[in-house]
Amino acid sequence: MSGRQSGRPTLDEVAALAGVGRGTVSRVINGSPRVSERAKDAVARAVAELGYVPNQAARALAGSRTDAVALVIPETEARLFSEPYFLDLIRGVSAELAEADKQLLLTLVRTEAERQRFEHYLAAQRVDGVLLASVHGDDPLPDRIARLGVPVVMNGRRSEAEPVAYVDSDNIGAGRAAVAHLVGQGRSRIATISGPLDMYVARARLGGYRAGLAEAGILPDESLVAAGDFTEAGGRLAMRELLARDPGLDAVFAASDVMAAGARGVLREAGRRVPEDVALVGVDDSAVARLMDPPLTSVRQPIEEMGRTMTRLLLQKIAERPEAGPVAGEEPCRVLPTELIVRDSS
């Protein structure tokens, strides 16, 4: 009786008419792929016959749904808004959430106190799921979120054996492609500016650089490796270090376009022409690469598509959550291909 006070058909009535469980009806309505075509058809017929219309407020209360997703970036505001990578990622996430009629909550978590506040926020069930970007290797937040039972997907990963769902690009392939191109241009003293080595993405690109040298028969020289931090200032500092160690270097693979821009400024100050004296390659194929003088050869990673893909994975995890709760077993992961875009800097 209480379910029909408003005269509206209930979820239980749809399940009874369709001959399936209440959870199956919920999964069909929420768009979960883990439902057979036969069950989908039965539920669809029952919905049509009863005139059932899902009540958004009731669905939110019953499934602890908020129709909101948090995108967490552990960086400063300055880096967030100056780094093209994050802007492209946000664009992809936002577009996919808009199509799913979900709200985006952008959160910067940089300190332990902010991390704890965010965990309390999650425990209060104020978002349906979490997307994480730019996570360093020792960051405990992904595991803490997973233990709370909140669906989570990462952009990138902390290690080769990442236990949390993630979407990444082929960072090892990026380094190999950059070095192969530089070797093909006749360069032999190829240096690299890595990202911070507590991040898997930086270690993977450095590993690709080393693999590319090995494939070309070039002995590695650690004096040609300098660590940066994915900022322009870090690229400048690393480039000065490399020139001081080996003034005869003839190529540089920078692990991001932004660091390549910093390196380009130092090379110009030192009187080194690009590409005549030193060839230069970056990663991301961002607006920075296209606007540099000369335009920068860069390994393109599909940043906006990574944002869309990780959002689709998260929405799938959210849709499956009400019936099954946290799902044990292997977490989904995707590695998207990269592509070398050749311009005048090499």
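This report describes helix H6 and the open sheet against which it lies in a predicted model.

The sheet is open and comprises six strands in the order S2-S1-S3-S4-S5-S11, with parallel pairing. Strands S2 (103–108) and S11 (333–336) form its edges, each pairing on one side only. From one strand to the next, the twist averages 20°.

At the S2 edge, strand S1 (residues 68–73) and S2 run parallel and are joined by six bridges. Within this pair, Leu71 has Leu106 in S2 as its bridge partner.

Two helices pack on this sheet, as tabulated below.

| Helix | Strands in contact | Angle to S2 |
|---|---|---|
| H6 (residues 84–99) | S1, S2, S3 (129–133) and S4 (152–155) | about 155° |
| H7 (residues 112–123) | S1, S2 and S3 | about 155° |

The length of H6 can be checked against its residue count. Because each residue should contribute 1.5 Å, the 16 residues of H6 are expected to span 22 Å, and the distance of 23 Å between the end C-alpha atoms agrees with this value.

The buried residues of H6 include the aromatic pair Tyr85 and Phe86. Pro84, Leu89, Ile90, Gly92, Val93, Glu96 and Leu97 of H6 are likewise buried. Just after this helix, Asp101 adopts a positive phi of about 60°.

In summary, H6 lies across four named strands, S1, S2, S3 and S4, while H7 touches S1, S2 and S3.

Note on methods. Residues are numbered from 1 along each chain as its sequence is written. This is a predicted model: local features need pLDDT of at least 70, side-chain atom pairs count only at pLDDT 80 or more; totals for chains, interfaces and linings use all residues. Side-chain values use heavy atoms; hydrogens and water are left out. The expected span of a helix is 1.5 Å times one less than its number of residues. Buried means under 20% relative accessible area, exposed over 50%, partly exposed in between (1.4 Å probe, protein chains only). Two strands pair if DSSP finds at least two bridges between them. Axes are lines fitted to C-alpha atoms, for helices over the stretch in contact, and angles run from 0 to 180 degrees between N-to-C directions. Contact means heavy atoms within 4.5 Å.
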